[in-house]
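Hello,

Here is the structure I promised to pass on to you. Please open it next to this email, and my notes on what turned up in it follow below.

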Amino acid sequence: MYVNNATYFTYFEQVRCLWWEKSKIIPGLSASTVIEIAPILSSTQCKFRRPVEFPDSLLVGLSCELVNRDRGDLRHHYVVYSENQAAIVAEGTADIV
């Protein structure tokens with residue numbers, strides 16, 4: 001049984017929500033700039049590199065880029081790594097406004 005493609009977006013969402021919980025400050029802005037409004041996910045994409053067969057242990061990494069300092073727009077970059085395959089199985093991005 002293979003992991004459904006839509007599941008990767010759930011992985012992205014889970015790590016994105018965890019990131020927001022841990023980080024209330026927009027990267028690249030001063031430490032006093034606190035996010036006081038809810039972010040909006042404007043777009044997301046995923047490039048599937050390899051199929052993942054269940055069961056497997058996956059690690060999902062996130063990095064963040066400030067793309068519009070004035071508005072505070074962010075781009076998240078995701079990497080999904082399969083421990084069984086010892087390889088990256090998917091990469092994605094999300095634009096957040």
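Let me begin with a contact between side chains: Arg49 and Glu91 form a salt bridge, with their closest N and O atoms 2.8 Å apart. This pair ties together distant parts of the chain, since Arg49 sits in the loop between strand 1 and strand 2 while Glu91 belongs to strand 4, 42 residues apart. Please keep in mind that this is a predicted model.

Are the two partners buried or exposed? Neither label fits: Arg49 has a relative accessibility of 46% and therefore counts as partly exposed, and Glu91, at 30%, is partly exposed as well.

The structure holds 2 salt bridges, and the other one joins the side chains of Arg75 and Asp95, at 2.5 Å from N to O. Here too distant parts of the chain are linked: Arg75 is in strand 3 and Asp95 in strand 4, 20 residues apart. Arg75 has a relative accessible area of 28%, so this residue is partly exposed.

Now to the fold around these pairs. The protein chain has 1 helix and 4 strands, and along the sequence they come in the pattern α-β-β-β-β. The 4 strands make an open sheet in the order 1-4-3-2, with antiparallel pairing. At its edges are strand 1 (41-48) and strand 2 (58-68), each of which pairs on one side only. On average, neighbouring strands of the sheet are turned by 15° against each other, direction ignored. Helix 1, residues 5-22, packs on this sheet and touches strand 1, strand 2, strand 3 and strand 4. The helix direction makes about 130° with that of strand 1.

Within the sheet, strand 3 (residues 73-82) and strand 4 (residues 87-96) run antiparallel and are joined by 9 bridges. One bridge pairs Ser82 with Ala87 in strand 4.

You may also like to look at the surface. Leu59, Val79, Tyr81 and Ile88 form a nonpolar patch there, with about 300 Å² of accessible area together. Leu59, which lies in strand 2, is partly exposed at a relative accessible area of 46%.

Finally, some totals for the chain. Of its 97 residues, 27% count as buried. The accessible surface comes to about 6,300 Å², and 53% of that belongs to carbon and sulfur atoms. Among contacts with a separation of 6 or more, 61% are between residues 24 or more positions apart.

Best wishes

Conventions: Residues are numbered from 1 along each chain as its sequence is written. This is a predicted model: local features need pLDDT of at least 70, side-chain atom pairs count only at pLDDT 80 or more; totals for chains, interfaces and linings use all residues. Side-chain values use heavy atoms; hydrogens and water are left out. Two strands pair if DSSP finds at least two bridges between them. Helices (H or I, at least four residues) and strands (E, at least two) are DSSP runs, numbered from the N terminus. Axes are lines fitted to C-alpha atoms, for helices over the stretch in contact, and angles run from 0 to 180 degrees between N-to-C directions. Contact means heavy atoms within 4.5 Å. Buried means under 20% relative accessible area, exposed over 50%, partly exposed in between (1.4 Å probe, protein chains only). Accessible areas come from the Shrake-Rupley method with a 1.4 Å probe; for residues, only the protein chains shown count as cover. Patches are made of residues with over 30% relative accessible area and no salt bridge: like charges are joined within 9 Å, nonpolar side chains (Val, Leu, Ile, Met, Phe, Trp, Tyr) within 5 Å. A salt bridge is a side-chain nitrogen of Lys or Arg within 4 Å of a carboxyl oxygen of Asp or Glu.
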